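Reader: Before I use any of these labels, I would like to see what stands behind them. Please take them one by one.

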Number of protein chains: 2
Amino acid sequence: MLGPEWSLHPQLAVDTALVGDLALSRLLAINTAHYPWLVLVPRRLGAVELADLGSDAFPLMAEIGVVSLALKDLTGCDTINVAAIGNVVPQLHIHVVARRQSDPLWPKPIFGIAPLPRAAEADFARFVAKVKKKVAAADVA
Amino acid sequence: MLGPEWSLHPQLAVDTALVGDLALSRLLAINTAHYPWLVLVPRRLGAVELADLGSDAFPLMAEIGVVSLALKDLTGCDTINVAAIGNVVPQLHIHVVARRQSDPLWPKPIFGIAPLPRAAEADFARFVAKVKKKVAAADVA
């Protein structure tokens with residue numbers, strides 16, 4: 001008999017657009033005007049914190065690396081902020097966000113600051129498509 | 001001829017107390033009254049972001065796991081927040097922070113909120129000693 005299967009937390013589904021599935025994680029994007037923002041969700045049932053992943057933490061780290069470099073390359077940002085917080089949504093998810101020294105909130109962290117202004121839907125869709133192409137080229141999907 | 005050696009960024013040295021050196025990272029603690037707060041700094045010259053670590057990202061992930069579990073065990077917290085931000089201090093450092101649903105800022109992230117109230121120095125010293133013992137027992141030092 002099959003056990004319960006992993007599925008994306010409904011709140012994450014509402015807040016994001018799908019980019020695609022990597023080997024371990026589902027890659028999502030959040031629409032904000034000034035902070036190109038991706039989210040990795042390891043498809044592991046019951047994982048809430050990084051420490052719950054065990055050896056799956058290693059492929060996650062590889063995926064964080066690939067996604068960070070893709071985001072940096074696409075946006076020309078100054079740095080990448082990475083965080084696993086999950087105080088509101090208790091399904092492990094890792095934010096990977098491009099920051100620029102010229103962005104409105106620099107150098108403050110953007111985690112927990114909501115709502116942030118959104119980009120036009122067409123611009124966001126273009127961003128998602130570019131990320132998808134870039135990450136696919138890195139061959140971790 | 002030897003190249004330049006890794007040393008802790010002076011701002012991190014000012015903001016933290018030393019817990020000890022793990023295999024990859026220097027483990028530090030920040031004194032706050034309500035948020036037991038550790039910081040891992042991989043001793044890798046020039047590393048600014050997670051993606052700079054290459055294969056050292058894997059031992060880092062193991063150290064994040066060990067430190068998270070030690071913090072959870074010592075504090076009985078509800079969850080652990082992990083973040084690599086570094087918009088202010090450009091030396092890769094990873095925050096590992098215990099959060100309780102009863103803490104003053106729950107569920108908001110505490111990154112970028114400063115200054116936070118400090119614990120009494122004696123309490124903080126006891127916390128640092130407990131973390132040191134717990135992490136040493138996990139045998140990653």
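**Labels and their grounds**

Reader: Why is A:Gly76 called exposed?

Author: A:Gly76 has a relative accessible area of 54%. Buried means under 20% relative accessible area, exposed over 50%, and partly exposed in between, with a 1.4 Å probe and protein chains only. The value of 54% is over 50%, so A:Gly76 is exposed. A:Gly76 sits in the loop between helix 2 and strand 4 (79-84) of chain A. From A:Gly76 to A:Phe58 the C-alpha distance is 26 Å, with their positions 18 residues apart in sequence.

Reader: What kind of model is this, and how are its parts numbered?

Author: The model is predicted, with local features needing pLDDT of at least 70 and side-chain atom pairs counting only at pLDDT 80 or more, while totals for chains, interfaces and linings use all residues. Residues are numbered from 1 along each chain as its sequence is written, chains are lettered from A and ligands numbered from 1 in the order in which they are written, and side-chain values use heavy atoms, with hydrogens and water left out.

Reader: What makes A:Ala47 buried?

Author: A:Ala47 has a relative accessible area of 7%. That is under 20%, so A:Ala47 is buried. A:Ala47 is in the loop between strand 3 (37-42) and helix 2 (57-75) of chain A. Beyond its neighbours within four places in sequence, A:Ala47 has contacts (heavy atoms within 4.5 Å) with A:Asp52, A:Leu53, A:Pro90, A:Gln91 and A:Leu92.

Reader: Why is A:Leu105 called partly exposed?

Author: The relative accessibility of A:Leu105 is 24%. This lies between the cut-offs for buried and exposed, so A:Leu105 is partly exposed. A:Leu105 belongs to the loop between strand 5 and helix 3 of chain A. Apart from neighbours within four places in sequence, A:Leu105 is in contact with A:Tyr35, A:Arg99, A:Ile110, A:Ile113 and A:Leu116. The C-alpha atom of A:Leu105 is 9.2 Å from that of A:His34, which is 71 residues away along the chain.

Reader: How many disulfides are there over all chains?

Author: The search of the whole structure finds zero. A disulfide is a pair of cysteine sulfur atoms within 2.5 Å. As for the cysteines, A:Cys77 is buried at a relative accessible area of 7%, and B:Cys77 is buried, also at 7%.

Reader: How many helices and strands does chain A have?

Author: Chain A has three helices and five strands. Helices (H or I, at least four residues) and strands (E, at least two) are DSSP runs, numbered from the N terminus. Along the sequence, the pattern of chain A is α-β-β-β-α-β-β-α.

Reader: What radius of gyration does chain A have, and what would a compact globule have?

Author: Chain A has 15 Å, and a compact globule of 141 residues would have a value near 14 Å, so the two agree. The radius is taken over C-alpha atoms, and the globule rule is 2.2 Å times the number of residues to the power 0.38. Of the 141 residues of chain A, 50% count as buried.

Reader: Which peptide bonds are cis?

Author: The bond from A:Trp106 to A:Pro107 is cis, with omega near 0°. The bond joining B:Trp106 and B:Pro107 is cis, with omega about 0°. A:Pro107 lies in the loop between strand 5 (94-99) and helix 3 (121-137) of chain A.
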